[in-house]
Amino acid sequence: CLVASVCSLLVACAPELNWRRVALLESGPSVWLPCKPSNVERTLAGAGGGVLRVRMRSCDAGGHLWAVSFWEAGDEGAARNEATGWLETALAVFPAPTHRVQEPWRSSHWPAGLQGMRLSVQGQRVDGSSRQVMTGVVVVGNRLIQLTVVGERLAPDATQPFFDGLE
């Protein structure tokens, strides 16, 4: 038990994972990322036919891609519709996943009653390489926030600070 705890700390504190708090907006949510992110903004078609201004913070560390996407919909109902579509889009990475788990997602930093959905998918890409994706989506009012990590093998002790760090 002690050895497992020490190993968990070593992975989460590995030199290639240089954790930092990153604000998503001037005021509002922030997240822990294990590397200095680049910032991208795109305009995409939304599930309801509208246009979404999606902002993303992403970086590569420890052999994984870490990304946070966020945007505002017209209202909370529209944001919830977008959340469902966004999770399904994550599945498109794998034509035939070998493993899929969808579960409620809750961070200890969130107010009571706030809950998102997290999806873990494992499979092979078109080129035959093994890939795992873990993505979580939460709706806060009319804002939708998605956290995603992609890698060959995702260790829970490395991904947990990322998913629990959304405040």
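User: Buried means under 20% relative accessible area, exposed over 50% and partly exposed in between (1.4 Å probe, protein chains only). Going by that, is Phe162 buried or exposed?

Analyst: This is a predicted model, where local features need pLDDT of at least 70, side-chain atom pairs 80 or more, and totals for chains, interfaces and linings use all residues. Residues are numbered from 1 along each chain as its sequence is written, and side-chain values use heavy atoms, leaving out hydrogens and water. Phe162 has a relative accessible area of 0%, so Phe162 is buried.

User: And its neighbour in the sequence, Phe163: buried or exposed?

Analyst: Let's look at the number for Phe163, which is 0% relative accessibility. That sits under the 20% limit, so Phe163 counts as buried.

User: How many aromatic pairs does the model have?

Analyst: Rings of Phe, Tyr and Trp (its six-membered ring) pair if their centres lie within 6.5 Å. By this rule, the count of aromatic pairs comes to five.

User: What kind of pair do Trp105 and Phe163 make?

Analyst: Planes under 30 degrees apart count as stacked, over 60 as edge-to-face and the rest as tilted. For Trp105 and Phe163, the ring centres are 5.6 Å apart and the planes stand at 80 degrees. That angle is over 60 degrees, so this pair is edge-to-face.

User: How many residues apart in sequence are the parts that this pair ties together?

Analyst: Helices (H or I, at least four residues) and strands (E, at least two) are DSSP runs, numbered from the N terminus. Trp105 belongs to strand β6, residues 99-105, and Phe163 to helix α3, residues 156-164. So the pair ties together parts whose separation in sequence is 58 residues.

User: Is Trp105 buried or exposed?

Analyst: The relative accessible area of Trp105 is 2%. With the limit for buried at under 20%, Trp105 is buried.

User: What kind of pair do Phe162 and Phe163 form?

Analyst: These two rings are 5.2 Å apart, centre to centre. Their planes have 75 degrees between them, and that is how Phe162 and Phe163 come to be listed as edge-to-face.

User: Which residues form the aromatic cluster?

Analyst: You've already met Trp105 and Phe163, which pair with each other, and Phe162, which pairs with Phe163. The full cluster consists of Trp19, Trp66, Trp105, Trp110, Phe162 and Phe163.

User: Which residue lies over the face of Phe163?

Analyst: A charge sits over a ring if NZ of Lys or CZ of Arg is within 6 Å of the ring centre and within 35 degrees of the ring normal. At 5.2 Å from the ring centre of Phe163, the residue lying over the face is Arg118.

User: Where does Ala67 lie, and is it buried or exposed?

Analyst: Ala67 is part of strand β5. Its relative accessible area is 9%, which is under 20%, so Ala67 in β5 is buried.

User: Which residues does Ala67 touch, not counting residues up to four places away in sequence?

Analyst: Touching here is contact, meaning heavy atoms within 4.5 Å. One partner is Arg57, 10 residues away along the chain, with a C-alpha separation of 5.7 Å from Ala67. Another is the buried Phe162. The whole list for Ala67 is Met56, Arg57, Ser58, Gln146, Leu147, Thr148 and Phe162.
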